[in-house]
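Could you walk me through a two-chain protein with a few worked exercises? I'd like each one solved step by step.

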Amino acid sequence: MSTEAQTTAPTDAALQRPRFSLRFSARDLLRVAIFAVIFIVATYVIGMLGILSPLVWLVIVLFQAIVGGVTVILFLTRVKHAGMLTLFGIVVALFYLLSGNTLLSTAGIIVLALIAELILWAGRYRSKWATIWAYTVFGLSFFTPFLPLLTDRQAYFASSSWTQMGDDYVRASDTLLSTPVIGSLAGGTLVASFLGGLLGSAILRKHFVRAGLA
Amino acid sequence: MSLRRLGLDPRTKIVLVIACSIAVMSPAGNRFVPYALLLAIGLAVWEGEWRRAAGLPMVAAAMWMLGWLLPVWWPNPLTAIISIACVYLIRFLVAIGVGAHLIATTSSTQLAAAFRTWRIPRPISVTLAVMLRFFPVVGTEAAAVLDAMRLRGLIGVRGLMRHPVLSVERFTVPMIAASLRASEDLSASAILRGLGSHRIPTSMNAPRFGAPDLVLVLLVAALAAAALLLPAPLT
């Protein structure tokens, strides 16, 4: 059992080039689980600050993307073989699904995790910049809850109550739901997750390497 | 006897959450929102979760006022934006209300047993079950860090906007460090108890479709029929 040998002697594994294996040891699964929980709790705590007003809500998404970076970058330093980031994405997506997220968003998170895994694989699971770019892609998962706004935009305007609410109302909502605004939110999330990756990498060096946690 | 207490099959709860989320998030989803809200409140009352049972209708009422009444009383772009956010978020509220029941009432062993009967791949089922066990631990650590930050006056939206990087760092670093330390013991004990071994465990109370599940299915069918047949109040 080569995977079990890896968990007891991680120094050996670090010397070899990573082989493609999708076998997870118990310790790998626990590691994915603990970081997934930290990821969800950290973003939830930051998100709770956004409950105060719907206007802060959109800005908070960017903060969540930054905070997620610290967790994921630290997680990626402990990833030594293929599939762990994908598993991370799948369990986070399924957990969100079980606590009431949309199917579209769940599928989106899993696809993003797969792309991020490919980036990591291209960097052979060792490159620092590959982890930052992988998180930049994965950070877009904070945008996925907004996907239904793009798909059922027509349904919003088809309902009868819109006609009674006046022109101002329809115009304002049309601008808010328009593709440029939602697109710039996606762009903002992308930039924020890149910054989150950089911040995560800096915090890693500043705190966790020194404390022996990375 | 907690073991003999009537409870829902975890698989019923999982299907229920996913069905509610699909119904509520679909393009004509607002039609289902009041009925899903009734279901979420009913589940909370059934489990004796009084805070959730009272909180859900209060938040929903606030969102309804901001989302449907405010723009009619005072139409302008600002209230329109608030209204759209609330009309969108009220769907999440009811889906999360039903999901909270699943998360609060399912133990990690029950969830693992349910996934095993569904033949979900081992890495996914084990990881999700362990996550359910880790949540209270990480939640406690996060609450402790937030308390410490509050004591020093470091918390608040204004501070977050003024020093975003510093606030993020002050919260996440101690929280991650404390959680990792706390998780070491849990991981060791989980591995000792055979987590991740390739043998198939047997469960003390295996998931079975029972009388409570039948009642719930009939109730949900009635609510869905009502949502489709009665005139929709929230469109």
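Here are six exercises on this predicted model, each with a worked solution.

**Exercise 1. Describe the make-up of chain A and of chain B: how many helices and strands are there in each?**

Step 1. Start with chain A, which has 12 helices and zero strands. Reading from its N terminus, every entry in the run of elements is α.

Step 2. Move on to chain B, where you will find nine helices and zero strands.

Step 3. Add the burial figures. Of the 214 residues of chain A, 55% count as buried, while in chain B buried residues make up 43% of 235.

Step 4. Look at the outside. Chain A exposes about 9200 Å², with 68% supplied by carbon and sulfur atoms. Chain B exposes about 12600 Å², and there carbon and sulfur atoms supply 69%.

Step 5. Finish with the reach of the contacts. Take the contacts between residues at least 6 apart in sequence: in chain A, 74% of them join residues at least 24 apart, and in chain B the share is 77%. The C-alpha trace of chain B spans about 65 × 50 × 30 Å along its principal axes.

**Exercise 2. Work out how many residues of chain B and chain A are in contact, and what area the chains bury between them.**

Step 1. Count the partners: 68 residues of chain B touch 67 residues of chain A.

Step 2. Turn to area. The two chains bury about 6000 Å² between them, and 84% of this lies on carbon and sulfur atoms.

Step 3. Pick out the main contributors on chain B. Ile84(B), Tyr88(B) and Leu180(B) supply 11% of the area that chain B buries against chain A, more than any other three residues.

**Exercise 3. Find the largest nonpolar core and say which residues have the most contacts inside it.**

Step 1. Recall the background: in soluble globular proteins, nonpolar side chains tend to be buried together.

Step 2. Size the core, which has 122 residues. Those with the most contacts inside it are Phe75(A), Phe88(A), Phe138(A) and Phe208(A) from chain A, together with Met131(B), Phe171(B) and Met175(B) from chain B.

Step 3. Ask where the largest share comes from: helix α3 of chain A, residues 26-48, gives 15 residues.

Step 4. Zoom in on Phe171(B). Leaving aside neighbours within four places in sequence, Phe171(B) is in contact with Ala42(A), Val45(A) and Ile46(A) on chain A, and with Ala142(B), Val145(B), Leu146(B) and Met149(B) on chain B.

**Exercise 4. Thr71(A) and Ser183(B) both carry a hydroxyl-bearing name on your sequence; decide whether each is buried or exposed.**Step 1. Place Thr71(A): it lies in helix α4 of chain A, residues 54-77. Thr71(A) counts as buried because its relative accessibility is 1%, under the 20% cut-off.

Step 2. List the company of Thr71(A). Beyond neighbours within four places in sequence, Thr71(A) is in contact with Phe35(A), Ile38(A), Phe39(A) and, across on chain B, Ile176(B).

Step 3. Place Ser183(B), which is in helix α8 of chain B, residues 164-192. Its relative accessibility is 3%, so Ser183(B) counts as buried.

Step 4. List the contacts of Ser183(B) in the same manner: leaving aside neighbours within four places, they are Ile34(A) and Phe134(B).

**Exercise 5. Check the span of helix α6 of chain A and of helix α4 of chain B against 1.5 Å a residue.**

Step 1. Helix α6 of chain A runs over residues 103-122, so its 20 residues should span 28 Å. The end C-alpha atoms are 29 Å apart, which agrees.

Step 2. See which residues of α6(A) are buried: Ser105(A), Thr106(A), Gly108(A), Ile109(A), Leu112(A), Ala113(A), Ala116(A), Glu117(A) and Leu120(A). As a guide to reading such a list, residues three or four places apart in an α-helix point the same way, because there are 3.6 residues a turn.

Step 3. Helix α4 of chain B, residues 77-105, has 29 residues and reaches 42 Å from first C-alpha to last, close to the expected 42 Å.

Step 4. Look for a bend: α4(B) bends by about 25° at Leu89(B).

**Exercise 6. Locate Arg124(A) and Arg119(B), and say what phi each has.**

Step 1. Arg124(A) is not a glycine, yet has a positive phi of about 55°. Arg124(A) sits in the loop between α6 and α7 of chain A.

Step 2. With a relative accessibility of 47%, Arg124(A) counts as partly exposed.

Step 3. Arg119(B), also not a glycine, has a positive phi of about 60°. The loop that holds Arg119(B) is between α5 and α6 of chain B.

Step 4. Arg119(B) is exposed, because its relative accessible area is 71%, over the 50% cut-off.

Note on methods:
Residues numbered from 1 in each chain as written. Chains lettered and ligands numbered in written order. Predicted model: local features only at pLDDT ≥ 70, side-chain atom pairs only at ≥ 80, totals over all residues. Heavy atoms only, no water. Core = buried A, V, L, I, M, F, W, Y, C linked by side-chain atoms within 4.5 Å. Buried < 20%, exposed > 50% of the residue type's maximum accessible area, 1.4 Å probe, protein only. Helix = DSSP H or I, 4+ residues; strand = E, 2+ residues; numbered from the N terminus. Contact = heavy atoms within 4.5 Å. Expected span 1.5 Å × (residues − 1). Bend = angle between axes of the 7 residues up to and from the residue. Areas by Shrake-Rupley, 256 points an atom, 1.4 Å probe, with all protein chains shown as cover. Buried area = accessible area lost by both parts, 1.4 Å probe.
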